[in-house]
Protein chains: 2
Amino acid sequence: MQAEAVDLLFATLAHAGRRRMLDLVMAAPGMSVSALATHFEMSRIAVLKHVRALEVAELLITRKQGRTRRLYFNPVPIQLIHDRWTTKYSAFWAERMVDIQARVERRASGEEPKIA
Amino acid sequence: MQAEAVDLLFATLAHAGRRRMLDLVMAAPGMSVSALATHFEMSRIAVLKHVRALEVAELLITRKQGRTRRLYFNPVPIQLIHDRWTTKYSAFWAERMVDIQARVERRASGEEPKIA
DNA sequence: ATCATGTGTAACGTCTGGGTTACCTATGCA
DNA sequence: TGCATAGGTAACCCAGACGTTACACATGAT
């Protein structure tokens with residue numbers, strides 16, 4: 001997975017409304033854009049734009065049936081990013097949280113970083 | 001964890017340069033901003049701004065020693081988001097990828113969504 | 001045919017992110 | 001003292017994200 005794809009995924013998920021859209025579509029596969037829009041304050045057009053964004057990031061798959069566009073959640077990109085990051089940070093996550101501060105301090109030899 | 005915090009985390013991570021900064025600081029805890037900036041094309045000021053952003057998102061912890069600001073990676077926010085999302089999508093991830101298309105089709109009863 | 005509904009396009013306004021250059025401050029060191 | 005270096009602030013520019021309204025098109029039902 002290229003850096004740009006990761007950029008796109010994170011940027012697309014960095015919006016509470018879009019994440020909620022994923023939740024709603026996940027709960028009701030095949031939902032239409034208008035039905036989805038009823039759950040939000042913003043205009044239908046704004047929702048449509050978000051759907052487009054989610055589609056570009058491949059987080060949603062859409063299929064038009066008659067005059068309605070049916071929406072489906074696609075878990076693959078999140079799965080990929082999840083696997084990638086789990087591996088990347090496994091060295092850190094392997095140790096318990098309480099151990100991290102001590103380890104960083106050991107590495108930095110003489111420093112006292114505050115772990116929030 | 002509030003939605004805004006998640007927004008902030010995703011938005012902050014949605015930048016290849018910032019993710020690379022995390023990697024670099026992870027590899028060399030206590031690194032200074034100037035040392036970090038040597039790895040990038042952009043100006044030192046731009047790097048500093050990214051460091052500030054990472055600090056606000058609590059992905060970096062900084063501590064000033066003398067005239068240098070020392071940087072440390074903080075894995076906690078990523079750990080939190082990881083746990084949250086693993087739980088959220090565990091129902092999907094429990095099944096193998098090859099099974100997903102069939103399942104979505106079953107749910108949609110009659111639909112033929114294309115899983116890219 | 002007609003009408004309501006679901007979708008799509010276009011043009012626009014505003015705000016923020018990400019970058020720059022110029023300049024100032026603070027500290028370590030000879 | 002004086003200079004080199006690490007950091008910080010301010011003002012600015014540009015592109016893109018996010019939202020709007022107005023309008024057009026397509027289709028299902030009566």
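**Two DNA strands and the protein surfaces that face them**

The surface near DNA strand C (near meaning that a heavy atom of the residue lies within 4 Å of the strand) draws at least two residues from each of α3 (33-37), α4 and β3 (68-73) of chain A and from α4 of chain B, where helices (H or I, at least four residues) and strands (E, at least two) are DSSP runs numbered from the N terminus. The model is a predicted one, in which local features need pLDDT of at least 70 and side-chain atom pairs count only at pLDDT 80 or more, while totals for chains, interfaces and linings use all residues. Residues are numbered from 1 along each chain as its sequence is written, chains are lettered from A and ligands numbered from 1 in the order in which they are written, and side-chain values use heavy atoms, with hydrogens and water left out.

On the side of DNA strand C, α4(A) gives the largest share of the surface, 5 residues. Of the 22 residues around this strand, those that come nearest are Ser34(A), Arg69(A), Ser43(B), Lys49(B) and His50(B), and sugar and phosphate make up 54% of the atoms of DNA strand C that come within 4 Å of the protein. Polar contacts are pairs of N or O atoms within 3.5 Å; within protein, one atom must be able to donate a hydrogen and the other to accept it, and residues adjacent in sequence count only if both atoms are side-chain atoms. A polar side-chain atom of Ser34(A) is placed 2.6 Å from a phosphate oxygen of DNA strand C, and an N or O atom in the side chain of Arg69(A) is 2.5 Å from a phosphate oxygen of that strand. The side chain of Lys49(B), by contrast, has an N or O atom 2.6 Å from a base oxygen of DNA strand C. The surface comprises 6 nonpolar, 7 polar and 9 charged residues, with Ala, Val, Leu, Ile, Met, Phe, Trp, Tyr, Cys and Pro taken as nonpolar, Asp, Glu, Lys and Arg as charged, and the others, Gly among them, as polar.

Around DNA strand D, Ser43(A), His50(A), Arg67(A), Ser34(B) and Arg69(B) come nearest among 22 residues, and sugar and phosphate account for 54% of the atoms of DNA strand D within 4 Å of the protein. Here α4(B) supplies the largest share of the surface, 5 residues. The side chain of Ser43(A) brings an N or O atom to 2.6 Å from a phosphate oxygen of DNA strand D, whereas the side chains of Lys49(A) and Arg67(A) address base oxygens of this strand, at 2.7 Å for Lys49(A) and 2.6 Å for Arg67(A).

Chain A itself contains 7 helices and 3 strands, which follow the order α-α-β-α-α-β-β-α-α-α along the sequence. Of its 116 residues, 42% count as buried, that is, under 20% relative accessible area, with exposed over 50% and partly exposed in between (1.4 Å probe, protein chains only). In the loop between α4 and β2 (60-65) of chain A, Ala57(A) is buried, with a relative accessible area of 7%. Beyond its neighbours within four places in sequence, Ala57(A) is in contact (heavy atoms within 4.5 Å) with Leu8(A), Leu9(A), Thr12(A) and Pro77(A). The C-alpha atoms of Ala57(A) and Val6(A), 51 residues apart along the chain, are 9.4 Å from each other.
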